[in-house]
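Dear colleague,

I am handing over the structure below, together with an account of what was found in it. Please keep the model open while you read, since the account moves from one element to its neighbours.

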Amino acid sequence: MVQIYVLRYGHRPGRDKRITTHVGLVARAFGAHGFILGGVPDEGVINSLRKVIKTWGGNLHIETGIDPYKYIVNWKRKGGIVVHLTMYGIPVDEVIDKVRKDNKDILVLVGAEKVPRYFYELADYNIAIGNQPHSEVAALAIFLDRFYNGRELYISFPNAKIIIVPSARGKRVVRVAKENGKDE
Ligand code: SAM
């Protein structure tokens, strides 16, 4: 199965805590397998994501404080491909079938205000989710949705302590029994 990791570039601790956390949450909820916070480490973001994983399950691989350039080069050296989400890229619908057919692990790069030139150069695909400026959170969500053809909305996570039962009104939540048979 193709592994998808998301590398978030340009995080400014203090200013971007919430939006970077949302990038990580979307990565997890929409079927990515890893979330890499490049540049300045931020344990606050990482702890928020770990809390969500503890309650809602999943095995999202998380790293922080890495050098983005080295990480990208190493990813490619190991045979993975790199997708850079940018409003200047090729429309997603023109390339998504090719990305899927490559059948290789994918590193998805999302930026903040500015991204370095090497993102465009090292990327196998510079992909636009529409050619208007919007948000890394929206861009990532739509890329994953196109890649998985909507199947990511039905993912269930291992080790979840809580599962939602969809309902037309109100909130239905099931607490999952532990292995020893006792309810949480
Ligand atoms: N000038 C940026 C760009 O190249 O897309 C917009 C900056 S935006 C605040 C931060 C990040 O959101 C970008 O680095 C990009 O990853 C993502 N993004 C924003 N709009 C996008 C779009 N239309 N298509 C793909 N990604 C987008």
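Contact here means heavy atoms within 4.5 Å, and angles run from 0 to 180 degrees between N-to-C directions, with axes taken as lines fitted to C-alpha atoms. Please also bear in mind throughout that this is a predicted model.

With those terms in hand, helix H4 (residues 92-102) can be placed: H4 lies across E4, E5 and E6, and runs at about 175° to E4. Helix H6 (136-148) lies across E1, E4, E5 and E6, and its direction is at about 165° to E1.

The sheet

The strands that these helices lie across belong to an open sheet of six strands, in the order E3-E2-E1-E5-E4-E6, and the pairing in this sheet is parallel. Its edge strands are E3 (61-66) and E6, each of which pairs on one side only. Direction ignored, neighbouring strands of the sheet are turned by 30° against each other on average.

Strand E1 (residues 4-8) pairs with E5 in the parallel sense over five bridges; in that pairing Ile4 has Ile106 as its bridge partner in E5, and Val6 has Val108. E1 is also joined by four bridges to strand E2 (residues 34-38), and these two strands run parallel, with Tyr5 standing opposite Gly34 of E2. E1, helix H1 (residues 17-29) and E2 together make a right-handed β-α-β unit.

How much of E1 is covered? The strand is mostly covered, as five of its five residues are buried. In a regular strand the side chains alternate between the two faces of the sheet. In E1, Ile4, Val6 and Arg8 point one way while Tyr5 and Leu7 point the other way, and all of them are buried.

Strand E4 (residues 81-91) pairs in the parallel sense with strand E5 (residues 106-110) over four bridges, and with strand E6 (residues 125-128), again in the parallel sense, over five bridges. His84 takes part in both pairings, for it stands opposite Leu109 in E5, and its bridge partner in E6 is Asn126. A right-handed β-α-β unit is made here by E4, H4 and E5.

The two helices

H4 and H6 also pack against each other, at an angle of about 55° and with their axes 9 Å apart. Because angles from 65 to 115 degrees count as roughly perpendicular, those under 35 as roughly parallel and those over 145 as roughly antiparallel, with the rest called oblique, H4 is oblique to H6. The crossing in which H4 passes H6 is right-handed. On the H4 side the contact is made by Val92, Asp93, Ile96, Val99 and Arg100, and on the H6 side by Phe143, Arg146 and Phe147.

Residues in the loops

Is His33, in the loop between H1 and E2, buried or exposed? Its relative accessibility is 18%, and since buried means under 20%, His33 counts as buried. Leaving aside residues up to four places away in sequence, His33 touches Met1, Val2, Gln3, Ile4, Tyr5, Asn59, Leu60, His61 and Tyr148. Ile4 and Tyr5, which are among these contacts, are also among the buried residues of E1.

Two asparagines in the loop between H6 and strand E7 (162-164) deserve a look at their backbone angles, and Asn149 is one of them. Phi of Asn149 is near 55°, which is a positive value in a residue other than glycine. Asn159 is found in the loop between H6 and E7 as well, and its phi is near 65°, again a positive value in a residue other than glycine.

Are these two asparagines buried or exposed? The cut-off for exposed is over 50% relative accessible area, so Asn149, at 53%, counts as exposed, and Asn159, at 59%, likewise counts as exposed.

With best wishes

Notes. Residues are numbered from 1 along each chain as its sequence is written. This is a predicted model: local features need pLDDT of at least 70, side-chain atom pairs count only at pLDDT 80 or more; totals for chains, interfaces and linings use all residues. Side-chain values use heavy atoms; hydrogens and water are left out. Buried means under 20% relative accessible area, exposed over 50%, partly exposed in between (1.4 Å probe, protein chains only). Two strands pair if DSSP finds at least two bridges between them. A crossover is right-handed if, with the strands pointing away from the viewer, the path from the first strand over the helix to the second runs clockwise. A crossing is left-handed if the near helix is turned anticlockwise from the far one by less than a right angle, and right-handed if clockwise.
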